[in-house]
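Got the model open in your viewer? Set it to cartoon, keep the selection box handy, and follow along stop by stop.

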Amino acid sequence: MPSTSKVRGGAAKQVVCTHCERPIEVGRRAMSIFCPHCKKRLILEDYKITSYYAVREFSTCGDIVVEKKGHVVAPIKVGTLTVKGKVQGTVSARVGVKLMKTGSLQGDIEAPSFVIEPGAAYDGFVKIGPAEPPSNGKSTAKIKRS
Ligand SMILES: [Zn+2]
């Protein structure tokens with residue numbers, strides 16, 4: 001019988017599923033889980049990229065740091081993305097994107113905050129603002145008037 005150890009108050013953190021964008025509570029040391037809502041696998045790790053890395057999809061609930069020698073070619077979904085090297089692909093960050101002075105980024109960005117250091121190269125469109133709630137029709141609050 002699988003043990004379903006409940007995570008207690010302080011030992012858990014909340015993340016948002018990179019697939020269905022619904023909130024999930026996870027254990028602090030968990031590296032990956034299956035989303036209880038959409039059943040897809042969810043990566044929770046932080047990444048540090050130090051070489052060429054090309055994938056079809058690069059998503060994590062954690063953070064990604066692309067080091068100076070790093071070169072990522074992928075659509076990225078992430079918490080915070082820090083770019084010191086190269087990134088090619090659309091970026092959707094839940095927290096923010098930081099493009100350091102040694103970095104170059106090519107692709108559209110959607111994030112609540114985007115910081116570019118002088119000297120960094122950027123080519124793409126940016127959409128900055130608070131993350132929109134998932135539009136599954138249920139997000140409109142009902143207001144009762146008496
Ligand atoms: Zn999900």
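## Stop one: a loop residue

K39 is found in the loop between β3 (32–34) and β4 (41–43). Select K39 and check its backbone: phi is near 70 degrees, a positive value in a residue other than glycine. Most residues other than glycine have a negative phi. Is K39 buried or exposed? K39 counts as exposed because just 10 other C-beta atoms lie within 10 Å, and the cut-off for exposed is 12 or fewer.

Keep in mind that this is a predicted model.

Now hop to E21, in the loop between β1 (12–16) and β2 (23–27). Phi of E21 is near 60 degrees, again a positive value in a residue other than glycine. E21 has 17 C-beta neighbours inside 10 Å, so E21 counts as partly exposed.

## Zoom out

Colour the whole protein chain by secondary structure. How many helices and strands are there? The count is 0 helices and 17 strands. Next, colour by burial: of the 146 residues of the protein chain, 21% count as buried. If you like contact maps, take the contacts in the protein chain with a separation of 6 or more: residues 24 or more positions apart account for 6% of them.

## An open sheet

Select β6, β9, β11, β13 and β16. These 5 strands form an open sheet in the order β6-β9-β11-β13-β16, and the pairing is parallel. Which strands sit at the edges? They are β6 (52–54) and β16 (121–123), each of which pairs on one side only. Look along the sheet and you'll find that the twist averages 5 degrees from one strand to the next.

For a close-up inside this sheet, show residues 71–73 and 86–88, which are β9 and β11. The two run parallel and are joined by 3 bridges. Put V72 in sticks and look across to β11, where its bridge partner is V87.

Then go to the edge strand β16 and pick A121, which belongs to it. A121 has 14 other C-beta atoms within 10 Å and is therefore partly exposed. Try a distance label from A121 to S104: the residues are 17 apart along the chain, and their C-alpha atoms are separated by 4.5 Å.

## Just past β9

Step to A74, in the loop between β9 and β10. Its C-beta neighbours inside 10 Å number 19, so A74 counts as partly exposed; the cut-off for buried is 20 or more. Who does A74 touch, leaving aside its neighbours within four places in sequence? The contacts are A54, V55, R56, E57, F58 and G89. Label Q88 as well: Q88 and A74 are 14 residues apart in sequence, with 6.4 Å between their C-alpha atoms.

## Into the nonpolar core

Show side chains for I76, L81, V91 and V97. They are the residues with the most contacts inside the largest nonpolar core, which has 17 residues. Nonpolar side chains tend to be buried together in soluble globular proteins. Which elements give two or more residues to this core? Highlight β8 (64–66), β10 (76–83), β12 (91–99) and β14 (109–111).

Stay on V97 for a moment. Beyond its neighbours within four places in sequence, V97 is in contact with L81, V91, I109, A111 and F114. The strand pairings around β12 make a handy checklist:

- β10 and β12 run parallel and are joined by 7 bridges. L81 has V97 as its bridge partner in β12.
- β12 and β14 are also parallel, with 2 bridges. V91 stands opposite I109 in β14.
- β12 pairs in the parallel sense with β15 (residues 114–116) over 3 bridges. Here V97 has F114 as its bridge partner in β15.

## Last stop: F114

Finish on F114, in strand β15. Buried or partly exposed? F114 counts as partly exposed because it has 19 C-beta neighbours inside 10 Å. Setting aside its neighbours within four places in sequence, F114 is in contact with G96, V97, I109, V126 and I128. For a final distance label, try F114 to V95: they are 19 residues apart along the chain, and their C-alpha atoms are separated by 9.2 Å.

Definitions and conventions. Residues are numbered from 1 along each chain as its sequence is written. This is a predicted model: local features need pLDDT of at least 70, side-chain atom pairs count only at pLDDT 80 or more; totals for chains, interfaces and linings use all residues. Two strands pair if DSSP finds at least two bridges between them. Helices (H or I, at least four residues) and strands (E, at least two) are DSSP runs, numbered from the N terminus. Axes are lines fitted to C-alpha atoms, for helices over the stretch in contact, and angles run from 0 to 180 degrees between N-to-C directions. A nonpolar core is a set of buried Ala, Val, Leu, Ile, Met, Phe, Trp, Tyr and Cys residues joined through C-beta atoms within 7 Å. Two residues are in contact if their C-beta atoms, placed from the backbone, lie within 7 Å.
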